[in-house]
Amino acid sequence: MDTLSPKVKTASKEKPVDFLPLKNWDHIELYCGNAKQSAFYYQYAMGFKLTGYSGLETGNRERASYLLEQGKIRFVLTTPYHPDSFIAEHIKQHGDGVRDIALEVDDAESAFNETVKRGAVPALEPTKIEDESGFIIRSAIKTYGDTIHSFIQRNNYKGFFLPGFIDASAKAVQGIKDAGLRSIDHMVGNVELGKMNFWVKFYAETMGFSQLLSFDDKDISTEYTALMSKVMQSGTGKIKFPINEPAAGKKKSQIDEYLEFYHGAGCQHIAMSTTNIVETVSELKRRGVEFLRVPTTYYQKLEARVGKIDEDVDELAKHGILVDRDDDGYLLQLFSKPIEDRPTVFFEIIQRKGAKSFGKGNFKALFEAIEREQAVRGTL
Ligand code: FE2
């Protein structure tokens, strides 16, 4: 007679199984008031290529969406046709903003089940969406504010981007050079006072992320304002989400300003990588993209602080590009001013030369630059 041996849990040095293997960023969907005009900004100013479209002409009676691509980055800009939709409400509350940080997976049903089982709030049950080129499976869960993560499974789809989209490259603005943007580096969320650890726990327990870095108000404070931040990273290491919350300071922090004008938690900035930040930034500036400016004194002791770098410091100073070093190398970065009238969402341009961190050494100079902008806005 067989005897069943009791199941013994043996201690293992192996890493726990990643229950949510994320292949990569899929796309970022922004809800905006006038996607048609925003698509021009992303093409003319930011160097994206209009490649896809969904709207009335394709049988979509609810919304118009424009797909813009540069390198591996995909943005979808979406505008509602009618006032009684969730999209219209989202725009009313938040202004233009990031609705969906969509992630590519091999199994969107498993991604949904595994995260919902661990406490994620569903936003979309696993759904098969098809056209003549095959099908995708899409599911989604909620994260901070009104932001969601869609899980996109594409292995059975041969068509263009997603079912419902048509190739719109003929409508693209012709003769626009790309600005050298290559991929999404990280996406930062701003959450309410006291909520950072809630969302850190969410990414850890619900999505299997680990904490990469942590900054407190000693690292990130100026004379007036402070904030705290923790960086969460997916099991595959591909996806990084820093989460910020305001900390008590003498004046209103940039996070408070964001929360006031976004009317809640949401995506603060989208960091995009380049392999030549000097070229990318000078191209973006030439086209009218506005960047934050640090005082020229920042460059006086730059090499003493970060050591030898390949770039010409005068060239960096000319464009206001910031540099920081960690144990693995160094990085160059620059932050845009808010990309809309509400002082909310902005872009970061980043070039990594080995460094895996986020520019801690620049926080002070950067936040003082933001404070000067806040002072002009009367929101400090
Ligand atoms: Fe960043």
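H269 sits buried here, at a relative accessible area of 8%, and it is one of the protein donors of an iron ion. Keep in mind that this is a predicted model. Beyond the iron site, the chain is assigned two domains, domain 1 (22-171) and domain 2 (181-377), and there are 22 salt bridges in the structure. Here's the quick tour, topic by topic.

**The iron site**

- Three protein residues hand donors to the iron ion: H186 through NE2, H269 through NE2 and E348 through OE. Their distances to the iron ion run from 2.0 to 2.1 Å.
- Along the chain, these donors are spaced as H-x82-H-x78-E. H186 belongs to strand β10 (residues 181-190) and H269 to strand β14 (residues 266-274), so the two histidines tie together parts of the chain that are 83 residues apart in sequence.
- Is H186 buried or exposed? H186 counts as buried because its relative accessibility is just 2%, and the cut-off for buried is under 20%. H269, at 8%, is buried as well.

**Two domains and what lies between them**

- Taken over C-alpha atoms, the centres of domain 1 and domain 2 are 25 Å apart.
- The contact involves 43 residues on the domain 1 side and 40 residues on the domain 2 side.
- Between them, domain 1 and domain 2 bury about 3,200 Å², with 66% of that on carbon and sulfur atoms. On the domain 1 side, the residues that lose the most area to domain 2 are L22, W25 and Y144, which together make up 24% of what that side buries.
- How many salt bridges cross the interface of domain 1 and domain 2? By the rule used, zero.

**The nine-strand sheet**

- Nine strands make up an open sheet with mixed pairing, in the order β6-β7-β8-β5-β1-β4-β3-β2-β9. At the edges you'll find β6 and β9 (166-167), each of which pairs on one side only.
- Strand β6 (residues 122-131) runs antiparallel to strand β7 (residues 134-142), and seven bridges join the two. The connection from β6 to β7 is a hairpin through two residues.
- To get the register by eye, look for P122 standing opposite I141 in β7. Another pairing to check is T127, whose bridge partner in β7 is R138.

**Salt bridges worth a look**

- K23 pairs with D106, with 3.2 Å between the closest N and O atoms. K23 is in strand β1 (residues 22-31), while D106 is in the loop between β5 (97-105) and α3 (108-117), so this salt bridge ties together parts that are 83 residues apart in sequence. K23 counts as partly exposed, at 35% relative accessibility.
- E260 and K252 meet through their side chains in a salt bridge, at 2.4 Å from N to O. E260 is partly exposed with a relative accessible area of 41%, and K252 is partly exposed too, at 29%.
- E368 and K364 make a salt bridge with their closest N and O atoms 2.8 Å apart. Both residues lie in helix α9 (residues 363-377), spaced four residues apart, which is about one turn of the helix. In terms of exposure, E368 comes in at 28% relative accessible area and K364 at 47%; E368 is partly exposed, and so is K364.
- There's a network as well: salt bridges link K177, E283, R286 and R287.

**Backbone oddities**

- F161 isn't a glycine, yet its phi is positive, at about 50°. You'll find F161 in the loop between β8 (148-153) and β9. Despite the loop setting, F161 counts as buried, with a relative accessibility of 6%.
- H263 is another residue other than glycine with a positive phi, near 60°. Where does H263 lie? It's in the loop between α5 (254-262) and β14.
- H263 is exposed, with a relative accessible area of 52%, whereas F161 is buried.

How values were computed:
Residues are numbered from 1 along each chain as its sequence is written. This is a predicted model: local features need pLDDT of at least 70, side-chain atom pairs count only at pLDDT 80 or more; totals for chains, interfaces and linings use all residues. Side-chain values use heavy atoms; hydrogens and water are left out. Donors are N, O and S atoms within 2.8 Å of the metal (3.2 Å for Na, K and Ca); water is not among the atoms, so sites may look incomplete. Buried means under 20% relative accessible area, exposed over 50%, partly exposed in between (1.4 Å probe, protein chains only). Two strands pair if DSSP finds at least two bridges between them. Domain bounds come from an automatic or database domain assignment. Contact means heavy atoms within 4.5 Å. Buried area is the accessible area (1.4 Å probe) that two parts lose on being put together, summed over both. A salt bridge is a side-chain nitrogen of Lys or Arg within 4 Å of a carboxyl oxygen of Asp or Glu.
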